Amino acid sequence: MPTSHSHRQTPPGSWHDLHQRLTLATTTRRFQGAYQAIRRRNNQLARFAEPGALIGWLSTAQGDPDLKNSVLHDLMRAGQRDPDALGVAQTLMILALWPGLEAVRRRLRRYFKRDPGDVEGEVLARLSLAISTGNTISIRRVAATLLMNIERDVKRSLIREQRQCLAEAEAACEATILATPNVSDSKGQDDLLASLRNAFGADAPLVELVAFADCNFREAAARLGLSHEATRKRHARAMKKLRRRLSQSDPKIGF
């Protein structure tokens, strides 16, 4: 049964396999027993004798949307009230919202071209966490709110990460410039470029574009013939390498 972090590292290519595994999990005796315990405490679930019937009703376009929203609210509340019911509620809601999750996943995949499994793990982990901690009083439309928040939060996280990388690049290059004498003359400039190449290795052209040419990751990727995701990861690797080198040479450097 899912937990708030159980899908963080979903392997690439396993998205549809995961759906099958979760569906199969709902047929086990343990899951069935836990579902029946939730069902006995909720009148709205009384007509759904099996988890599959509930999932099928929730995930199709047919049926009263207000009633479906009410059932999703009840599942969230059941999971939050009882730790033993949380995994069941998460699994049921993940499967019920799967068509919407698939749409969110497709829209976000362009940001994770190199590691598509990363976006799948992010989507499922954030949904599981939202089910276990979301404010059921303030959430009016459960499906729409959870799916919209997932997509928004993943994009915000990527933006924060890129801003941090850019700030680190500026700080790192400033430190390299300060450590290189006579930068104004041609020899000093050559020394600076040599220092950058020594610090960043094959990633030096990428760091130069980001730090000196004011390129964002997409522009740098286009100039270097790389994907956006590869550019982001190579830049992060370069910053990690430089921080390690600088901390070894001067423990006071803390960026």
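Helices and strands here are DSSP runs, numbered from the N terminus; a helix needs at least four residues and a strand at least two. On that basis, the protein chain has 12 helices and 0 strands. Please keep in mind that this is a predicted model.

Let's start with the whole chain. Read along the sequence, the pattern is α-α-α-α-α-α-α-α-α-α-α-α. The chain has 255 residues, and 43% of them count as buried. The accessible surface comes to about 13700 Å². Carbon and sulfur atoms account for 51% of that surface.

How do the contacts spread along the sequence? Take the contacts between residues at least 6 apart in sequence. Of these, 64% join residues at least 24 apart.

Now to helix packing. Two packed helices are described by the angle between their axes and the distance between the axes. I have three pairs to show you.

The first pair on my list is α1 with α6. Helix α1 covers residues 15-25, and helix α6 covers residues 98-108. Their axes come within 13 Å and cross at roughly 165°. Angles over 145 degrees count as roughly antiparallel, and α1 and α6 are therefore roughly antiparallel to each other. The crossing is right-handed.

Which residues of α1 and α6 meet? On the α1 side, look for W15, H16, L18, H19 and L22. On the α6 side, look for W98, L101, E102 and R105. By class, this contact has 5 nonpolar, 2 polar and 2 charged residues.

Next, α3 with α5. Helix α3 runs over residues 51-59, and helix α5 over residues 83-96. They pack at an angle of about 40°, with their axes 8 Å apart. That angle makes α3 oblique to α5. The crossing of these two helices is right-handed.

Here is who touches whom. From α3 come P51, L54, I55, L58 and S59. They meet L92, L95 and A96 of α5. What is the make-up of this contact between α3 and α5? It has 7 nonpolar residues, 1 polar and no charged.

Stay with α3, and turn to helix α4, residues 65-81. The angle between α3 and α4 is about 130°, and their axes are 10 Å apart. So α3 and α4 are oblique to each other. Is the crossing of α3 and α4 left-handed or right-handed? It is left-handed.

In this contact, α3 offers L54, W57 and L58. Helix α4 offers L67, K68, V71, L72 and L75. The count by class is 7 nonpolar, no polar and 1 charged.

One thing to notice on screen: L54 of α3 appears in the contact with α5, and L54 is also listed in the contact with α4. The same goes for L58, listed with α5 and with α4.

Now some single residues. I'll go through four of them.

F31 lies in helix α2, residues 29-40. Is F31 buried or exposed? The cut-off for buried is under 20% relative accessible area. F31 has a relative accessible area of 1%, so it is buried. Now find V88. F31 and V88 are 57 residues apart in sequence. In space, they are 6.8 Å apart, C-alpha to C-alpha.

A130 is in helix α7, residues 116-133. Leave aside its neighbours within four places in sequence. Then A130 is in contact with M76, Q80 and L146. There is also a pair to look at with Q90. A130 and Q90 are 40 residues apart along the chain, and their C-alpha atoms are separated by 9.4 Å.

T136 sits in the loop between α7 and α8, where α8 is residues 142-178. T136 is buried, at a relative accessible area of 13%. What does T136 touch, not counting residues up to four places away in sequence? The answer is H73, M76, R77 and Q80. M76 and Q80 came up a moment ago, as contacts of A130.

Last, R232. Look in helix α12, residues 228-249. R232 is buried, with a relative accessible area of 9%. Beyond residues up to four places away in sequence, R232 touches E161 and F217.

To recap: a predicted model, with 12 helices and 0 strands. We saw α1 roughly antiparallel to α6. We saw α3 oblique to α5, and α3 oblique to α4. That's my tour. Questions, please.

Notes
Residues numbered from 1 in each chain as written. Predicted model: local features only at pLDDT ≥ 70, side-chain atom pairs only at ≥ 80, totals over all residues. Heavy atoms only, no water. Axes fitted to C-alpha atoms, helices over the stretch in contact; angles between N-to-C directions. Parallel < 35°, antiparallel > 145°, perpendicular 65-115°, else oblique. Left-handed = near helix turned anticlockwise from the far one by under 90°. Contact = heavy atoms within 4.5 Å. Nonpolar A, V, L, I, M, F, W, Y, C, P; charged D, E, K, R; others polar. Buried < 20%, exposed > 50% of the residue type's maximum accessible area, 1.4 Å probe, protein only. Areas by Shrake-Rupley, 256 points an atom, 1.4 Å probe, with all protein chains shown as cover.
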